[in-house]
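Please open the structure in your viewer and keep the sequence beside it, so that each selection below can be followed in turn. The tour moves from one group of strands to another.

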Amino acid sequence: MEVLLSTAEIAARVRAIGSEISEDYSGKSIVLIGVLKGAAIFLADLARAIEIDNTFDFVAVSSYGRAKVTSGAVKLIKDIDDSIEGRHVILVEDILDTGLTLSYLRAMMLQHGPASLKIATLLDKPERRLAPIEADYVGFPIPNRFVIGYGMDYAERYRGVADIRIFPSERAEHGAR
Ligand code: IMP
């Protein structure tokens, strides 16, 4: 599989985002909320690249089968463990694709009354957007190709691949989780 982003490129960009976040939130403490499972590895590296006080938590979502594409219906499978009321929150995602998942999660998080809410995504596929949402921190904008590795899967496989690779399109049903 063709390598899209090497481990060195990913590490450098994650460090840069960590520094940016550390500056933006200087003197504050933040909560990183990762979206399982894809964002787990990005969050693990990002948390260690952030020099200010941070804690982390995870949520898990699933789409209602194929309905996600048309209706954007997303179901919460795992909620946050601790209250985020009055906290500075950053939602951490692997890929911002159609934007339906993050639109749902952002609306849900805002109901909990955080002091602030931003979005960090490692990859952004702007061409595929259906919902009006942009991330505050973007690792890499990428073309409309299906990718695996660094936490991202095809049918649960390849999450442990260290770099990010393009999954052959003849094998990928686009948007497959
Ligand atoms: P969306 O923005 O609601 O369309 O959903 C984004 C989610 O779809 C990501 O968190 C991934 O789980 C999945 N996804 C989208 N594109 C890819 C890809 O190229 N590889 C692996 N997963 C993907």
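In what order do the three strands of the open sheet with antiparallel pairing lie? Bearing in mind that this is a predicted model, select β1, β9 and β8, and you will have the open sheet of three strands, whose order is β1-β9-β8 and whose pairing is antiparallel. The edge strands are β1, at residues 3–5, and β8, at residues 147–148, each of which pairs on one side only.

Next, keep β1 in view together with β9, which covers residues 164–166; these two strands run antiparallel and are joined by two bridges. To see one partnership between them, select Leu5, whose bridge partner in β9 is Ile164.

Now move to β6, residues 116–124. How many of the nine residues of this strand are buried? Seven of them are, and β6 is therefore largely enclosed by the rest of the structure.

With β6 still selected, add β5, residues 88–96, which runs parallel to β6 and is joined to it by eight bridges. Here His88 is a useful place to pause, since its bridge partner in β6 is Ser116. Adding helix α4, residues 100–110, completes a right-handed β-α-β unit made of β5, α4 and β6.

For the last stop, select β7, residues 137–141, which is joined to β6 by four bridges, the two strands running parallel. Within this pairing, look for Leu123, whose bridge partner in β7 is Phe140.

How values were computed
Residues numbered from 1 in each chain as written. Predicted model: local features only at pLDDT ≥ 70, side-chain atom pairs only at ≥ 80, totals over all residues. Heavy atoms only, no water. Pairing = 2+ DSSP bridges. Buried < 20%, exposed > 50% of the residue type's maximum accessible area, 1.4 Å probe, protein only. Right-handed = clockwise from strand over helix to strand, strands pointing away.
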